[in-house]
Amino acid sequence: MTDGKRVIRVLMAKIGLDGHDRGVKIIAMGLRDEGMEVIYTGLRQTAESILDACIQEDVDVIGLSSLSGAHNYHFPELCKLLREKRMWDVLVIAGGMIPDADIPFLKENGVAEVFTAGTHISTVAEFIRAHVAPRVTLAVQES
């Protein structure tokens, strides 16, 4: 914590039955190196388990990764759950093997941005910083 501002907290998740997580781990480490606090949920998460982790960890951003082709189902499902909980301030971003033709549908259904293969980590970090303002923390006065 510096200057009373809390660092941006990012929850990275592999949703669905996808069993490959090398890419999401690289992005998680890169965002950590960019000064963000990153929590990785692991493989084979459901929309409900990601929502629960989001609430428990009080995150600013959810980063979803999918290589299995089920992104058009899983990503909007999580965004729907966030809306039902009135969690408008949680930014949802996505990446993985997502065809360009699917990106407009995902954005219409709550995903703020989709980062395809080859996107530089600095580009992802800049997007997050531009769309998430770190929350100010209250300093506890010592007696």
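In which loop is Arg-44 found? Arg-44 sits in the loop between strand S2 (37-40) and H2. Please keep in mind as you browse that this is a predicted model.

**Two arginines with positive phi**

Arg-44 has a phi near 55°, a positive value in a residue other than glycine. Arg-86 also shows a positive phi, near 60°, and is likewise a residue other than glycine. You will find Arg-86 in the loop between H3 and S4. The two can be set side by side:

| Residue | Phi | Loop |
|---|---|---|
| Arg-44 | near 55° | between S2 (37-40) and H2 |
| Arg-86 | near 60° | between H3 and S4 |

Arg-86 has a relative accessible area of 63% and is therefore exposed, since the cut-off for that class is over 50%.

**How H2 meets H3**

Helix H2 covers residues 47-57 and helix H3 covers residues 71-84; they pack at an angle of about 45°, and their axes are 9 Å apart. That angle makes H2 oblique to H3. Their crossing is right-handed. On the H2 side, the contact is made by Ala-47, Glu-48, Ile-50, Leu-51 and Cys-54, while H3 brings Glu-77, Leu-78, Leu-81 and Leu-82. Sorted by class, this contact has seven nonpolar residues, two charged ones and no polar ones.

**The nonpolar cores**

In soluble globular proteins, nonpolar side chains tend to be buried together. Here, the largest nonpolar core has 26 residues, and the members that touch the most others are Ile-62, Leu-64 and Leu-82. At least two residues of this core come from each of these elements: strand S1 (9-14), H2, strand S3 (61-66), H3, strand S4 (91-96) and helix H4 (103-108).

Leu-64 is a good residue to click on. If you set aside neighbours within four places in sequence, Leu-64 is in contact with Ala-13, Ile-50, Phe-75, Leu-78, Val-92, Ile-93, Ala-94 and Gly-95. Ile-50 and Leu-78 also belong to the contact of H2 with H3. Apart from the largest core lies another, of 16 residues, including Ile-8, Leu-31, Leu-91 and Phe-115.

**A glycine in H1**

Is Gly-23 buried, partly exposed or exposed? Gly-23 has a relative accessibility of 39%, so this glycine counts as partly exposed. Gly-23 lies in helix H1, which covers residues 22-33. Along the chain, Gly-23 and Ser-65 are 42 residues apart, yet their C-alpha atoms are separated by 8.4 Å.

Methods:
Residues are numbered from 1 along each chain as its sequence is written. This is a predicted model: local features need pLDDT of at least 70, side-chain atom pairs count only at pLDDT 80 or more; totals for chains, interfaces and linings use all residues. Side-chain values use heavy atoms; hydrogens and water are left out. Axes are lines fitted to C-alpha atoms, for helices over the stretch in contact, and angles run from 0 to 180 degrees between N-to-C directions. Helices (H or I, at least four residues) and strands (E, at least two) are DSSP runs, numbered from the N terminus. Angles under 35 degrees count as roughly parallel, over 145 as roughly antiparallel, 65 to 115 as roughly perpendicular and the rest as oblique. A crossing is left-handed if the near helix is turned anticlockwise from the far one by less than a right angle, and right-handed if clockwise. Contact means heavy atoms within 4.5 Å. Ala, Val, Leu, Ile, Met, Phe, Trp, Tyr, Cys and Pro count as nonpolar, Asp, Glu, Lys and Arg as charged, and the others, Gly among them, as polar. A nonpolar core is a set of buried Ala, Val, Leu, Ile, Met, Phe, Trp, Tyr and Cys residues joined through side-chain atoms within 4.5 Å. Buried means under 20% relative accessible area, exposed over 50%, partly exposed in between (1.4 Å probe, protein chains only).
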